[in-house]
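Work through the exercises below with the coordinates open. Try each task before reading its solution.

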Amino acid sequence: MSEIFTGGCQCGAVRYRVEGPVRHASICNCRMCQKALGNLMAPFASFEARVDWTRGKPTYFQSSTRVRRGFCNRCGTPLSYQWGEHNLSLTIGSFDRPDQLLPTVEFARDNRHPVFAHYNDLVEEPLGSTDEERDLLAILKSYQHPDQDTESWPVEGRGR
Amino acid sequence: MQQNNSKLTGGCQCGAVRFRADRLGRPSICHCRMCQKAFGSFFGPLVTGYGVAWTRGAPKYFRSSNKVRRGFCGDCGTPLTYEVEGEESIELAIGAFDDPTVAAPVIQVNPTDKLPFFHALTGLPVRTEYSPAWMTPSAGLRSYQHPDHDTAVWPPEKGFPS
């Protein structure tokens, strides 16, 4: 049996499931991917199999004549990229196990953010390095959907 | 640090939400699992924004924890902010700036959740050969993304050029 990949948005209103193997995993530095994800680059994975939306559906923005991009309209998580009727690509960060999706190719290197070449030189600051952060962590309760499918969501009685 | 505030503008992909900041603080990339999922990416790139004004529209918010809300565009989904309750400044998504080079991250936070292949991202092979199947549809491609500067009216009154 092939591997099953699941994922979804931060709030859990939209969930998906797709059967492996992975067809293609990449990062793209183009300006449209940067802006769509609010990020320095965008990581996407596509599959031969069809993606099933197992809870809710994405909302789409037509970002160009050929491409539409899906996101959750309740929490904003960028979820998909689709060129015409080609296979849908999913944002790697939205998978429950993003570590299972290793990008093997880079697009639009010309538009790399300048920090890209220095990622590994950046100083690391562990969580809870400041008093403020420690105070916040002590009382912080995450409302993010867990990294697995759930029977029902959100959990009853939890404030939004 | 870049402090030329005429350049400190940005917004979402579709242009429904636009912002301006007076000045920026420390730019960072955050590896935490919540930033990964909120951004759909390997990390969240954020810079502290002071005096942030919404110059068109306003973000929609998701309360991602009891102390934090995250702003995004309800029309196109672009992640825009990370806001801790009670703080005057807000964190802005670096990729949403019109010129994302105004904020070059100087630190990486929450390295515990760093993805195992993060260190290898800079060494990926680059795709430079494009198949005819890829190039042919690209020929007629027109972007509907908002330009990387403020606009008086958006989307264009006369529609997008055909």
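The exercises go from one chain to the interface and then to a single residue. The model is predicted.

**Exercise 1. Describe the fold of chain B.**

Task: State how many helices and strands chain B has, and in which pattern they follow the sequence.

Solution.
- Step 1. Count the elements: chain B holds 2 helices and 10 strands.
- Step 2. Read along the sequence. The pattern is β-β-β-α-β-β-β-β-β-β-β-α.
- Step 3. Check burial. Of the 162 residues in chain B, 51% are buried.
- Step 4. Turn to contacts between residues at least 6 apart in sequence. In chain B, 59% of these join residues at least 24 apart.

**Exercise 2. Quantify the interface of chain B and chain A.**

Task: Find how many residues each chain gives to the contact, and what area is buried.

Solution.
- Step 1. Chain B contributes 77 residues to the contact, and chain A contributes 74 residues.
- Step 2. The buried area comes to about 6400 Å². Carbon and sulfur atoms give 60% of that area.
- Step 3. Count the polar links. There are 38 residue pairs in polar contact across the interface, both residues at pLDDT 80 or more.
- Step 4. Locate the chain B side. Elements that each supply at least two residues to it include β3 (23-30), α1 (33-39), β8 (79-84) and α2 (132-139). The most comes from α1(B), with 6 residues.
- Step 5. Sort the side of chain B that touches chain A by class: 41 nonpolar, 22 polar and 14 charged residues.

**Exercise 3. Trace specific links between the chains.**

Task: Identify a salt bridge and a strand pairing that join chain A to chain B.

Solution.
- Step 1. The interface has 8 salt bridges.
- Step 2. One of them joins the side chains of A:Asp96 and B:Lys37, at 2.8 Å from N to O.
- Step 3. Now take the strands. Strand β11 of chain A (residues 123-125) runs parallel to β10(B), and 3 bridges join them.
- Step 4. Within this pairing, A:Val123 has B:Ile107 as its bridge partner.

**Exercise 4. Place A:Ser94.**

Task: Decide whether A:Ser94 is buried or exposed, and list what surrounds it.

Solution.
- Step 1. A:Ser94 sits in the loop between β9 (89-91) and β10 (105-107) of chain A.
- Step 2. Its relative accessible area is 0%. The cut-off for burial is under 20%, so A:Ser94 is buried.
- Step 3. Its side chain makes a polar contact with the side chain of A:Tyr16, at 2.8 Å.
- Step 4. Set aside neighbours within four places in sequence. A:Ser94 then contacts A:Gly7, A:Gly8, A:Tyr16, A:Thr77, A:Pro78 and A:Leu79 in chain A, along with B:Lys37 and B:Gly40 in chain B.
- Step 5. Link back to Exercise 3: B:Lys37, in contact with A:Ser94, also forms the salt bridge with A:Asp96.

Definitions and conventions. Residues are numbered from 1 along each chain as its sequence is written. Chains are lettered from A and ligands numbered from 1 in the order in which they are written. This is a predicted model: local features need pLDDT of at least 70, side-chain atom pairs count only at pLDDT 80 or more; totals for chains, interfaces and linings use all residues. Side-chain values use heavy atoms; hydrogens and water are left out. Contact means heavy atoms within 4.5 Å. Buried area is the accessible area (1.4 Å probe) that two parts lose on being put together, summed over both. A salt bridge is a side-chain nitrogen of Lys or Arg within 4 Å of a carboxyl oxygen of Asp or Glu. A polar contact is a pair of N or O atoms within 3.5 Å; within protein, one must be able to donate a hydrogen and the other to accept it, and residues adjacent in sequence count only if both atoms are side-chain atoms. Helices (H or I, at least four residues) and strands (E, at least two) are DSSP runs, numbered from the N terminus. Ala, Val, Leu, Ile, Met, Phe, Trp, Tyr, Cys and Pro count as nonpolar, Asp, Glu, Lys and Arg as charged, and the others, Gly among them, as polar. Two strands pair if DSSP finds at least two bridges between them. Buried means under 20% relative accessible area, exposed over 50%, partly exposed in between (1.4 Å probe, protein chains only).
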